[in-house]
Amino acid sequence: MIQLSRLTRLLCLTPLLLWSLNAAAMQLPDESKVPGGIVVIPLTGQNSASAPSAWYKGNRLMVLPSKGTRYEAESHWIAVAGIPLSAKPSEKQHVRANATSYYFEIDNKEYKAQYLTVKNKRHVDPDPEDVKRWRREKAKMVAAYKSWSEPASPVTRFELPAKGPYSSPFGLRRFFNKQPRNPHSGLDIAAPHGDPITAPAAGVVVDTGDYFFNGNTVIIDHGFGLTTMYCHMSKIDVQIGDKVSTGTRLGAIGKTGRVTGPHLHWSVSLNNTRVDPILFLNN
Ligand code: ZN
């Protein structure tokens, strides 16, 4: 009888054990070779002991050892690149590492259109002072997107930073008060005003601010060109330079900036390119 129950326990534990072993291996973002997606390039022929630097459209790329990934047999190093929403499937894309070019093709993706009505007309037709302000803020944000650090454990997957339904997916072609504007560069999570927003992985806070369109904003550098941004917050609880780990409170859900209601606008940037956050989510 005792023997039988031990066996049952062992059988019950086996799937859990296997699962935790799998989770320990490096899990890359989901590959999706479309505008706004992710491509993984095996850097064949690059065999140096230290990571080669690789570039795509003028931005430095995340380069990781291939060990433990499905590219292990193909190459020693892999580049993980974000593909801009503006990339054209008709053009051949290429990544450069040392003197070698690596070409790849992308597929088309038809993102849906979204029509929004915004009460504050200046958020649709900003006056010249607003435009000046937005340009200044944009430069500050791009500097944060371009942060480069090399943590010992590269971050390649995220937990969700807030609890709530997705109210607006990444990539929507957007119209504010019927006028076309930039496509949606993040994922919106609807949640009540004041609910916590938490770090999706380890990183360092590289920017905070109260921005014209984005409202109260936090940007985290996760290393190797991967950054995340949190917008429209009612409250910011971190400062530039703060180290965060998965679950660290960053602040609270709000409706500051250009919004139609309280939500988190969460954007993920890789090689200074906004990509679909869904591709990085843990199950
Ligand atoms: Zn949004």
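Student: In β20, which residue is the bridge partner of Ile-189?

Tutor: The model is predicted: local features need pLDDT of at least 70, side-chain atom pairs count only at pLDDT 80 or more, and totals for chains, interfaces and linings use all residues. Residues are numbered from 1 along each chain as its sequence is written, and side-chain values use heavy atoms, with hydrogens and water left out. Strands here are DSSP runs of E of at least two residues, and helices are runs of H or I of at least four, numbered from the N terminus; two strands pair if DSSP finds at least two bridges between them. In β20, Ile-189 has as its bridge partner Leu-264.

Student: How many bridges join β12 to β20?

Tutor: β12 covers residues 187-190 and is also joined to β9, by 2 bridges, in the antiparallel sense. β12 and β20 run antiparallel as well, and the number of bridges between them is 4.

Student: Which residue stands opposite Asp-188?

Tutor: Asp-188 belongs to β12, the strand that pairs with β9. The residue opposite Asp-188 is Ser-168.

Student: Which residues coordinate the zinc ion?

Tutor: Donors are N, O and S atoms within 2.8 Å of the metal (3.2 Å for Na, K and Ca); water is not among the atoms, so sites may look incomplete. In sequence the donor residues of the zinc ion follow the spacing H-x3-D-x76-H. Coordination is at 2.0 to 2.1 Å, through NE2, OD and ND1 respectively of His-184, Asp-188 and His-265.

Student: Is His-184 buried or exposed?

Tutor: Buried means under 20% relative accessible area, exposed over 50%, and partly exposed in between (1.4 Å probe, protein chains only). Asp-188, at 7%, counts as buried. His-184 has a relative accessible area of 0%, so this residue is buried.

Student: What is the distance centre to centre in the aromatic pair of Tyr-111 and Phe-170?

Tutor: Rings of Phe, Tyr and Trp (its six-membered ring) pair if their centres lie within 6.5 Å; planes under 30 degrees apart count as stacked, over 60 as edge-to-face and the rest as tilted. The structure holds 8 aromatic pairs. In the pair of Tyr-111 and Phe-170, the planes are at 80°, which makes it edge-to-face, and the distance centre to centre is 6.2 Å.

Student: How many residues apart in sequence are the parts that Tyr-111 and Phe-170 tie together?

Tutor: Tyr-111 is buried at 10% relative accessible area, and Phe-170 is buried at 4%. Tyr-111 lies in the loop between β7 (100-104) and β8 (113-116), and Phe-170 in the loop between β9 (166-168) and β10 (173-176), so the sequence separation of the parts tied together, in residues, is 59.

Student: Which residue forms one aromatic cluster with Phe-212 and Phe-213?

Tutor: Phe-212 and Phe-213 form an edge-to-face pair, 4.9 Å centre to centre with 70° between the planes. Both Phe-212 and Phe-213 are buried. The cluster they belong to also includes Trp-134.

Student: Over the ring of which residue does the charged end of Arg-274 sit?

Tutor: A charge sits over a ring if NZ of Lys or CZ of Arg is within 6 Å of the ring centre and within 35 degrees of the ring normal. Arg-258 lies over the face of Phe-176, 4.0 Å from the ring centre. For Arg-274, the charged end is 3.9 Å from the centre of the ring of Tyr-145.

Student: Which strands are the edge strands of the open sheet β1-β5-β4?

Tutor: This sheet has 3 strands with antiparallel pairing. β4 and β5 (residues 77-82) pair over 4 bridges, and one bridge partnership is that of Met-62 with Val-80. The strands that pair on one side only are β1 (38-42) and β4 (62-65).

Student: Why is one side of β13 and of β17 left without a neighbour in the sheet?

Tutor: The open sheet has the order β13-β19-β17, with antiparallel pairing. β13 and β19 share 3 bridges, and Pro-196 has Ala-252 as its bridge partner in β19. One side is left free because β13 (196-198) and β17 (235-236) stand at the edges, each with a single partner strand.

Student: Which residues does Thr-260 touch, not counting residues up to four places away in sequence?

Tutor: Thr-260 lies in the loop between β19 (249-252) and β20 (263-270), and is exposed at 57% relative accessible area. Contact means heavy atoms within 4.5 Å. By this criterion Thr-260 touches Leu-116 and Thr-117.
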